[in-house]
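Hi,

Here is the structure I promised to pass on. Have a look at it first, and then read on for what turned up.

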Amino acid sequence: MNILVINCGSSSLKYQLINMDKEQVIAKGLAERIGIKGSVLTHKPAGKEKVVIEKPMKDHKVALSILLDVLVDEEYGVIKSMNEISAIGHRVVHGGEKFASSVLITDEVMEALNDCIALAPLHNPPNIMGIQACKEILPDVPMVGVFDTAFHQTMPKEAYIYPLPYEYYEKYKIRKYGFHGTSHKYVSERAASMLNQPIENLRIITCHLGNGASVAAIKNGKSIDTSMGFTPLEGLAMGTRSGNIDPAIVTYLMQKEGLTIEEINDVLNKKSGVLGISGVSSDFRDIEQAANKGNERAQLALKVFNYRVRTTIGAYVAAMGGIDVIVFTAGLGENSASNRKQICKELEFLGITIDDNKNNIRGEETVISTDDSKVKVLVIPTNEELMIARDTKEIVEQ
């Protein structure tokens, strides 16, 4: 069975074609600048050189048509016909309270997705466009929606309700939703498998650390809390996002700087985080390089980031009544030995001991804690596309 995984942005379409018999990626690629001059598709068949195709792509339907043609191309294709695509799995950012798991896409589901646009106005519309394009070109192929928010729908009410007038939750569904759910689910399941233990017996904290970053508390296989909230702005300091701040700062800055709603939103989402503190970059590699050269603001940015991650881990240990496993994943989590070390440094009281030699490994599945560490610390590269493909396969085979 071949599953096509689609992840649509406003002007992009990322894809993977996965053979689920072996769980192997047989092709992947990215269409960029959709609806913009200079549209380009970069296609990488497994075991072959990548192919770059420059063609106008006025919308996602055209982009999808081009990538499907590439998949069956005699020279650099990987399948003989569209009939070899058994199903399509779509990443959808926000499912609100309507979806606690992945679902087969129907007309009723499409209506519900449109209802969720208000909760994710930047992300859900392109996700919906991708689904509509697939429905037009491949109307007989079953499709599944996999939601970033779904995994966190198991949070108890005391974890997701904000201390605001309750009527705002009732009227506007203002609550914590959490994001990166597909990633947190994947790495927690892999951690249980690597340790050869039932996930139902484990208390796991997963740290998805990249330009966007979040931490999740996973008890007995279910998310009971996570750091991102109503939007991905809540929680940790991130690449350009502020994370948690005193809410009064927003109105204070608006008054002092004469900022509009759009301008303060831009400050919090695009000019803050480690970029705002360091003044160097939103890329942690650039910040680490500057910090190593003595840049004090870059050093401070890393300390703030690591402190926020560490204290969030501490809070989730309390929420779960203990901890068995910590997992680091995503760009920074998978590749930065120094940040992992600093995050764990003040957590020795939990029984965490890091093996420095193991910790120096980058981007590979490995246990980086010592054999006698009471809490196991793992690095697991995330694979959201495979998680989407697995959910899609399970649902279409029902």
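How many of the seven residues of strand β10 (residues 213-219) are buried? Keep in mind that this is a predicted model. The count comes to six, so β10 is largely enclosed by the rest of the structure.

β10 has a partner on either hand, so to speak. With strand β9 (residues 203-209), β10 pairs in the antiparallel sense over seven bridges, and the two make a hairpin with three residues between them. With strand β11 (residues 222-226), the pairing is again antiparallel, over four bridges. That second hairpin leaves two residues between β10 and β11, and Asn 220 in the turn has a positive phi of about 55°. A handy residue to click on is Ala 217: Ile 205 stands opposite Ala 217 in β10, while in β11 the bridge partner of Ala 217 is Asp 225.

Now zoom out. The domain assignment gives domain 1 (2-147) and domain 2 (197-384), and their centres, taken over C-alpha atoms, are 30 Å apart.

Next, the open sheet. Eight strands make it up, in the order β5-β4-β3-β2-β1-β6-β8-β7, and the pairing is mixed. At the edges you'll find β5 (51-54) and β7 (103-104); each has a single partner strand, so one side of each is left without a neighbour in the sheet. Elsewhere in the sheet, β1 (residues 2-8) and β6 (residues 85-92) run parallel and are joined by five bridges. One residue to look for there is Ile 6, whose bridge partner in β6 is His 90. Helix α3 (residues 124-137) lies across β1, β6 and β8 (143-147), and runs at about 165° to β6.

Last, the aromatics. The structure holds six aromatic pairs. One of them is Tyr 168 with Tyr 172, which is stacked, at 6.4 Å centre to centre and 25° between the planes. Both sit in helix α5 (residues 166-172), four residues apart, about one turn of the helix. Are these two tyrosines buried, partly exposed or exposed? Tyr 168 is partly exposed, with a relative accessible area of 33%, and Tyr 172 is partly exposed too, at 47%.

There is also an aromatic cluster made of Tyr 160, Tyr 166 and Tyr 169. Charged side chains turn up at two of those rings: the charged end of Arg 175 sits over the ring of Tyr 160, 3.6 Å from its centre, and Lys 173 lies over the face of Tyr 169, at 4.9 Å from the ring centre.

Cheers

How values were computed
Residues are numbered from 1 along each chain as its sequence is written. This is a predicted model: local features need pLDDT of at least 70, side-chain atom pairs count only at pLDDT 80 or more; totals for chains, interfaces and linings use all residues. Side-chain values use heavy atoms; hydrogens and water are left out. Rings of Phe, Tyr and Trp (its six-membered ring) pair if their centres lie within 6.5 Å; planes under 30 degrees apart count as stacked, over 60 as edge-to-face and the rest as tilted. Buried means under 20% relative accessible area, exposed over 50%, partly exposed in between (1.4 Å probe, protein chains only). A charge sits over a ring if NZ of Lys or CZ of Arg is within 6 Å of the ring centre and within 35 degrees of the ring normal. Domain bounds come from an automatic or database domain assignment. Two strands pair if DSSP finds at least two bridges between them. Contact means heavy atoms within 4.5 Å. Axes are lines fitted to C-alpha atoms, for helices over the stretch in contact, and angles run from 0 to 180 degrees between N-to-C directions.
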